[in-house]
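Trainee: I am new to this structure and would like a close look at a single part of it. Could you pick one helix and walk me through what surrounds it?

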Amino acid sequence: GNIYSEEYSKNLGKMVDSANILAGQLGNVTLSSTWPETEDWTFLSLLRQFQAVSKLIATSQTRQIEREFFYVELGGFDTHNEFEKLDELFAFIDDSLDAFVKELKAQGVFDSVVLVTTSDFGRTLTSNGKGTDHGWAGNQFVVGGKVKGGEIYNEFPTSLLEGNLYDVGRGRMIPRYPWESVMLPIAEWMGVDAMDRSTVFPNLHHFNSSLLLATSALFST
């Protein structure tokens with residue numbers, strides 16, 4: 001036999017076994033809250049993702065998992081000039097998050113969960129003749145039982161006019177605050193030690209500490 005094919009087959013077998021074990025664990029989970037019903041495929045897809053995450057969280061003790069990361073995604077925001085579509089997408093997010101938070105509270109784990117949004121691009125402030133184009137800077141939100149909610153962190157731009165201090169052309173805004181600004185306190189809340197900060201965030205040294213949120217500012221004890 002071939003050593004590479006044998007190793008591949010061995011690891012593939014482990015993956016299949018792990019998938020079967022996980023499927024059995026998830027199959028025994030009954031969610032603790034009532035979820036919305038919809039025939040809209042986009043909304044349904046987002047709901048199912050949050051339901052899957054809820055089931056995985058519910059089985060964390062059975063699976064002997066201490067910390068986990070989950071990714072849920074929703075596309076369709078590259079609308080350019082179809083602004084009414086944004087209202088629909090934001091409504092999907094709002095309703096899905098409402099159901100997800102209710103489920104976490106019903107499981108008694110909301111204080112142990114934090115959710116943060118990310119996006120691969122923002123939007124330009126000026127038009128390309130038919131609407132907005134891809135930009136850089138944007139706004140995100142954080143949700144969690146221990147998050148100090150109802151706050152706007154960092155500073156909103158003093159001007160959104162074309163040619164402002166952070167506009168590099170066509171209304172493409174350079175972010176003043178790095179991703180580390182919010183991700184660092186989340187990492188520390190999850191248990192990353194101060195001595196490991198530069199390992200987890202290798203670009204941290206590029207930013208003034210005043211641009212980084214303190215963990216105590218984002219989370220309550």
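Mentor: Happy to; what follows starts with the whole protein, settles on one helix, and then looks at a few places away from that helix.

Please keep in mind that this is a predicted model. The protein has six helices and four strands. Read from the N terminus, the order of the elements is α-α-α-β-β-β-β-α-α-α. Along the principal axes, the C-alpha atoms fill a box of roughly 60 × 50 × 50 Å. Of the 221 residues in the protein, 27% are buried. Among contacts with a separation of 6 or more, 67% are between residues 24 or more positions apart.

Now to our helix, α3. Helix α3 covers residues 83-107, which makes 25 residues. At 1.5 Å a residue, α3 should span 36 Å, and its end C-alpha atoms are 37 Å apart, so the expected span and the model agree. Just after α3 comes Gly 108, with a positive phi of about 75°.

Let us begin with Leu 86, which is found in helix α3. Leaving out residues up to four places away in sequence, Leu 86 touches Phe 77 and Thr 79. Another residue to look at here is Gly 76: ten residues separate it from Leu 86 in sequence, and the two are 8.6 Å apart in space, C-alpha to C-alpha.

Next, which residues of α3 are buried? They are Leu 89, Phe 92, Ser 96, Leu 97, Ala 99, Phe 100, Val 101, Glu 103 and Leu 104. As you go through that list, a general point about helices may help. An α-helix has 3.6 residues a turn, so residues three or four places apart point the same way. And what covers the buried residues of α3? The cover includes helix α2 (41-58) and the strands β1 (114-116) and β4 (142-144).

To see α2 and α3 meet, find Ser 54, which is found in helix α2. Ser 54 is buried because its relative accessible area is 0%, and the cut-off for buried is under 20%. Not counting residues up to four places away in sequence, Ser 54 touches Leu 31, Trp 35, Phe 100, Glu 103 and Gln 107. Two of these names, Phe 100 and Glu 103, you have already met among the buried residues of α3.

Phe 100 also takes us to the largest nonpolar core, which has 20 residues. The members that touch the most other members are Trp 35, Phe 50, Ile 57, Phe 100 and Leu 104. The elements giving two or more residues to this core are α2 and α3, and the largest share, seven residues, comes from α3. Leu 104 is a good one to click on: not counting residues up to four places away in sequence, Leu 104 touches Ile 57, Val 109, Phe 110 and Val 113. There is also a second, separate core of six residues, including Val 147, Val 182, Ile 186 and Leu 218.

Our helix borders an enclosed space too. A search of the whole structure finds one cavity of 30 Å³ or more, and the volume of the largest cavity is about 40 Å³. The residues that line the largest cavity are Leu 97, Phe 100, Val 101, Leu 104, Phe 110, Val 113, Val 114, Leu 115, Val 143 and Gly 144. α3, β1 and β4 each supply at least two residues of that lining. The largest share, four residues, comes from α3. By kind, the lining has nine nonpolar residues, one polar residue and no charged ones.

Finally, here are some loop positions to compare with the helix. Gln 64 lies in the loop between α2 and α3. Its phi is near 55°, a positive value in a residue other than glycine. Gln 64 is exposed, with a relative accessible area of 72%.

The loop between β4 and α4 holds Asn 154. Phi of Asn 154 is near 65°, again a positive value in a residue other than glycine, and at 31% relative accessibility Asn 154 counts as partly exposed. Ser 159 lies in the loop between β4 and α4 (180-189). Ser 159 counts as partly exposed at 23% relative accessibility. Not counting residues up to four places away in sequence, Ser 159 touches Asn 164 and Met 173. From Ser 159 to Leu 22 is 51 Å in space, C-alpha to C-alpha, and the two are 137 residues apart in sequence.

Methods. Residues numbered from 1 in each chain as written. Predicted model: local features only at pLDDT ≥ 70, side-chain atom pairs only at ≥ 80, totals over all residues. Heavy atoms only, no water. Expected span 1.5 Å × (residues − 1). Buried < 20%, exposed > 50% of the residue type's maximum accessible area, 1.4 Å probe, protein only. Contact = heavy atoms within 4.5 Å. Core = buried A, V, L, I, M, F, W, Y, C linked by side-chain atoms within 4.5 Å. 1 Å grid on protein atoms, 1.4 Å probe; cavity = no way out; pocket = protein on both sides within 12 Å on 5 of 7 lines; lining within 4 Å. Points joined across faces, edges and corners; volume = space filled by probe spheres on them. Nonpolar A, V, L, I, M, F, W, Y, C, P; charged D, E, K, R; others polar.
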